[in-house]
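Here's a quick tour of one sheet and the helices that pack on it. Have the structure open as you read.

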Amino acid sequence: MLIVALTGGIGSGKSTVGEIFSQLGAVVVDSDQIARDVIERGTSGFDLLVANFGDGILKNGDIDRAAISAIVFSDPKKRELLEQITHPLIRSEFSKIVKSLPEEAIVVNQIPLLFESKGDYRFDYIITISAPQKIRIERLLKRGLSPTQIDQRIKAQASDVERESISDSVIVNDNDLTSLTKQVEDIWSKLTEINRLKK
């Protein structure tokens, strides 16, 4: 089994690249989805968040992700607290998923905050998606984020240079889907070869 990290800043195109990897045969795991799952009502993550952040983060009895985002993106200490609570839960859930997969699988984990996690995760191969900030901002505006929200989120994340410094491959997502797909296919060829040699 080959465990691959797919990282990149907000608006870089992780979901699109993850989809292409999935079509090529990878098992794609989205850390953002796991992050949502581990704080659902009835989980220990839910209880920990309410205990630390108060009832103000609830909406109709569930965690209101917009309320949490508003708190943590304006206060670095609160963001750190959120990460201390959720990251171990996300890692544990990811390990369970990996254990359930066949030994020959190539697992691609879409993980936005890999650089920020200070090496808490272990991967065989790391891929960063980089995209010019102007393009990322345009994409995020289309998603409905305000310029202030975009600015807060970009500033809260590592830079492309920092992410690239820990990567084995870099995908530059500044062109069309054909160019992006070609880059992903080239890396997939490398990954399948590495996985074959590991056996």
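## Around strand β6

In β7, Ser130 has Val172 as its bridge partner. That contact belongs to a parallel pairing of β6 with β7 that counts 4 bridges. Keep in mind that this is a predicted model.

Over on β1 (residues 2-8), 5 bridges tie the strand to β6 (residues 125-130), and the two run parallel. Here are two of the residue pairs between them:

| Residue | Opposite it in β6 |
|---|---|
| Val4 | Tyr125 |
| Ala5 | Ile126 |

Where does this leave β6 in the whole sheet? The strand order is β2-β5-β1-β6-β7, an open sheet of 5 strands with parallel pairing. At the edges sit β2 (27-30) and β7 (169-172), each pairing on one side only. On average, neighbouring strands are turned by 25° against each other, ignoring direction.

Now for the helices. Helix α1 (residues 14-24) lies across β1, β2, β5 (106-110), β6 and β7, and runs at about 155° to β1. Helix α9 (residues 177-198) also packs on the sheet, where it touches β1, β5, β6 and β7. The direction of α9 makes about 160° with that of β7.

So how well covered is β6, buried or exposed? It's mostly covered, with 6 of its 6 residues buried. Side chains in a regular strand alternate between the two faces of the sheet. In β6, Tyr125, Ile127 and Ile129 are buried on one side, while Ile126, Thr128 and Ser130 are buried on the other. Both faces of β6 are covered, then.

Technical notes:
Residues numbered from 1 in each chain as written. Predicted model: local features only at pLDDT ≥ 70, side-chain atom pairs only at ≥ 80, totals over all residues. Heavy atoms only, no water. Pairing = 2+ DSSP bridges. Axes fitted to C-alpha atoms, helices over the stretch in contact; angles between N-to-C directions. Contact = heavy atoms within 4.5 Å. Buried < 20%, exposed > 50% of the residue type's maximum accessible area, 1.4 Å probe, protein only.
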